[in-house]
Amino acid sequence: SSSCGFSLPSSHLFCNMNCVFSPQVGVNLLPDSTAGSILKTVGQLIDPAFIPNDCLLNFLVGSCYSLLYFILTSEKNNRGNVQKREFLWGACLTALARIPRLLRLMLQNLRVNGACRGELPVIAQILRLLLQQTQLRQHMVANAAMVQQVIQDITNFKTDDFQEQWLTDLHYYFRIYLAASFPVTY
């Protein structure tokens, strides 16, 4: 995890290469594979009509964000990491697709203003990957205003005079996948 202090309100989860830390729910260390297994199991077994309580939802949101952050920042050349990243990505995707409220809360909790500059590309990558997923398309369209606001916040927060490729890519994917169903205002 970054030392910049990115936090999700009410859940403060951080991923540290091999574990998720969540003082809010009394979990000191939770191996990332266990967090992934929880997300995958919940995503597979939960009835889409079920509304998880706030504590469970915040734990799942924080776990999902932490695991996505880990996936995008872990060493990509290590063969063991490739399998782990694929499992964790599948677990997050399963839970986000199955529990629309989970995706909405994760998008609401992406606080760009509290992020350090090094985290902006990772937040942008997370959004880009979520935009590309067919399983999430309907939910992303339903949350297009929120996605657009996060992109606007990233664009406004970034202070460089030039636009980096990761931000160009994010704008491109937003236009491709969501702009047809939602007017672009940035």
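# A guided tour of the predicted model

Among the contacts in the protein chain with a separation of 6 or more, 68% are made by residues 24 or more positions apart. The model on display is predicted. Begin with the entire protein chain in view and colour it by secondary structure. The chain comprises 8 helices and 3 strands. Followed along the sequence, these elements appear in the order β-β-β-α-α-α-α-α-α-α-α. Of the 186 residues in the protein chain, 45% are buried.

**First stop: helices α1 and α3**

Select residues 32–45, which form helix α1, together with residues 79–98, which form helix α3. The axes of these two helices come within 8 Å and cross at roughly 35°. The crossing of α1 past α3 is left-handed. To display the contact, show the side chains on both helices. Helix α1 contributes D32, S33, G36, S37, L39, K40, G43 and Q44, while helix α3 contributes K84, F87, L88, A91, C92, T94, A95 and R98. Sorted by class, the contact between α1 and α3 holds 6 nonpolar, 6 polar and 4 charged residues.

**Second stop: the cysteines**

Keep C92 of helix α3 selected, since it belongs to the contact just visited, and add C64 and C55. C92 is buried, and its relative accessible area is 0%. What is the distance from the sulfur of C92 to the closest cysteine sulfur? The closest one belongs to C64 and lies 3.5 Å away, which is too far for a bond. A disulfide is a covalent bond between the sulfur atoms of two cysteines. For a pair to count as a disulfide, the two sulfur atoms must lie within 2.5 Å, so a larger separation does not qualify. The structure holds 0 disulfides. Turn next to C55, which is partly exposed at 47% relative accessibility.

**Third stop: the aromatic rings**

Display the aromatic side chains. Across the whole structure, a search finds 3 aromatic pairs. One of them is formed by Y65 and Y69: the ring centres are 5.9 Å apart and the planes meet at 40°, so this pair is tilted. Select residues 54–73 to see helix α2, which carries both Y65 and Y69. Because these two residues are 4 positions apart in the helix, about one helical turn separates them. Are these residues buried or exposed? Y65 is buried, with 4% relative accessible area, and Y69 is also buried, at 11% relative accessibility.

Move along the chain to Y172 and Y173, which form another aromatic pair. Their ring centres are 5.2 Å apart and the angle between the planes is 80°, an edge-to-face arrangement. Y172 is partly exposed, with a relative accessible area of 48%. Y173, in contrast, counts as buried at 18% relative accessibility. Add Y177 to the selection: Y172, Y173 and Y177 together form one aromatic cluster.

**Final stop: a residue in a loop**

Select Q133. Where does Q133 lie? Q133 is found in the loop between helix α5 (120–132) and helix α6 (137–142). This loop residue is buried, with a relative accessible area of 15%. To view its surroundings, show W89 and L93 as well. Leaving aside residues up to four places away in sequence, Q133 touches W89 and L93.

Notes
Residues numbered from 1 in each chain as written. Predicted model: local features only at pLDDT ≥ 70, side-chain atom pairs only at ≥ 80, totals over all residues. Heavy atoms only, no water. Axes fitted to C-alpha atoms, helices over the stretch in contact; angles between N-to-C directions. Left-handed = near helix turned anticlockwise from the far one by under 90°. Contact = heavy atoms within 4.5 Å. Nonpolar A, V, L, I, M, F, W, Y, C, P; charged D, E, K, R; others polar. Phe/Tyr/Trp six-rings, centres within 6.5 Å; stacked < 30°, edge-to-face > 60°. Buried < 20%, exposed > 50% of the residue type's maximum accessible area, 1.4 Å probe, protein only.
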